[in-house]
Every structure is written in C-alpha cells, then in structure tokens.
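Reader: Before I use any labels from this model, I would like to hear what stands behind them. Please take me through them one at a time.

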Amino acid sequence: MTDSLLRVCRTCGRYTLSPNCPVDHSETRTPHPVRFSPQDRWGKYRRALQAEPGS
Ligand SMILES: [Zn+2]
C-alpha cells in the first residue's frame with residue numbers, strides 16, 4: 001500500500017514521505033487513514049432515513 005507511506009505536514013500541509021516535514025521539520029501525519037468504505041459511511045445515514053416513518 002503506497003498510500004500508507006504518504007504523509008502530510010501538520011503545520012504547512014506539505015506532502016512528503018518523511019516522518020518530518022522537509023520545510024519546517026515539524027511532525028507529519030497520514031493525511032487520511034481509510035479504515036472504512038464511503039459506502040458504509042453513507043449507508044448508515046441512508047438506513048437512518050429509511051427508518052423514519054413515511055408520509
Ligand atoms: Zn511543514
């Protein structure tokens with residue numbers, strides 16, 4: 001997974017592969033840990049809407 005190697009600076013938002021920003025040397029983090037699928041995410045709201053009594 002090459003995505004897990006990509007990191008983003010917490011200060012300037014620069015993308016890098018280093019655990020520290022090459023510009024300001026601050027700590028970087030993973031930009032968006034994808035642990036869930038978007039379908040599951042919206043499926044929760046969709047099911048909530050369907051659970052409401054209609055008309
Ligand atoms: Zn930075």
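The exchange below sets each label against its definition.

Author: This is a predicted model, in which local features need pLDDT of at least 70 and side-chain atom pairs count only at pLDDT 80 or more, while totals for chains, interfaces and linings use all residues. Residues are numbered from 1 along each chain as its sequence is written.

Reader: What makes a stretch a helix or a strand, and how many are there in the chain?

Author: Both are DSSP runs, numbered from the N terminus: a helix is H or I over at least four residues, a strand is E over at least two. By that rule the chain has one helix and three strands. Their sequence pattern is β-β-β-α.

Reader: How do you know which strands pair, and in what order do they stand in the sheet?

Author: Two strands pair if DSSP finds at least two bridges between them. β1 and β3 have two bridges, in the antiparallel sense. Across that pair, Val-8 is opposite Arg-29 in β3. The three strands form an open sheet with the order β2-β1-β3 and antiparallel pairing.

Reader: Why is one side of β2 and of β3 left without a neighbour in the sheet?

Author: β2 and β3 (28–29) are at the edges and each has a single partner strand, so one side of each has no neighbour in the sheet.

Reader: Why is Tyr-15 called exposed?

Author: A residue is exposed if 12 or fewer other C-beta atoms lie within 10 Å of its own, buried if 20 or more do, and partly exposed in between, with C-beta atoms placed from the backbone. Tyr-15 has 11 such neighbours inside 10 Å, so Tyr-15 counts as exposed. Its place is in strand β2.

Reader: What is Tyr-15 in contact with, leaving aside neighbours within four places in sequence?

Author: Contact requires C-beta atoms, placed from the backbone, to lie within 7 Å. On that basis Tyr-15 is in contact with Leu-6 and Val-8. As for Pro-31, its C-alpha is 8.5 Å from that of Tyr-15, with their positions 16 residues apart in sequence.

Reader: Why does Gly-13 count as exposed, and where is Gly-13?

Author: Gly-13 has 10 C-beta neighbours inside 10 Å and therefore counts as exposed. Gly-13 is in the loop between β1 (7–9) and β2 (15–16).

Reader: What is notable about phi at His-25?

Author: His-25 is not a glycine, yet its phi is positive, about 65°. Most residues other than glycine have a negative phi. His-25 is in the loop between β2 and β3. With 11 C-beta neighbours inside 10 Å, His-25 is classed as exposed.

Reader: Why is His-32 called exposed?

Author: The count for His-32 is 9 C-beta neighbours inside 10 Å, so His-32 is exposed. His-32 sits in the loop between β3 and α1 (38–51).

Reader: What percentage of the chain counts as buried?

Author: Of its 55 residues, 5% count as buried.

Terms used. Two residues are in contact if their C-beta atoms, placed from the backbone, lie within 7 Å.
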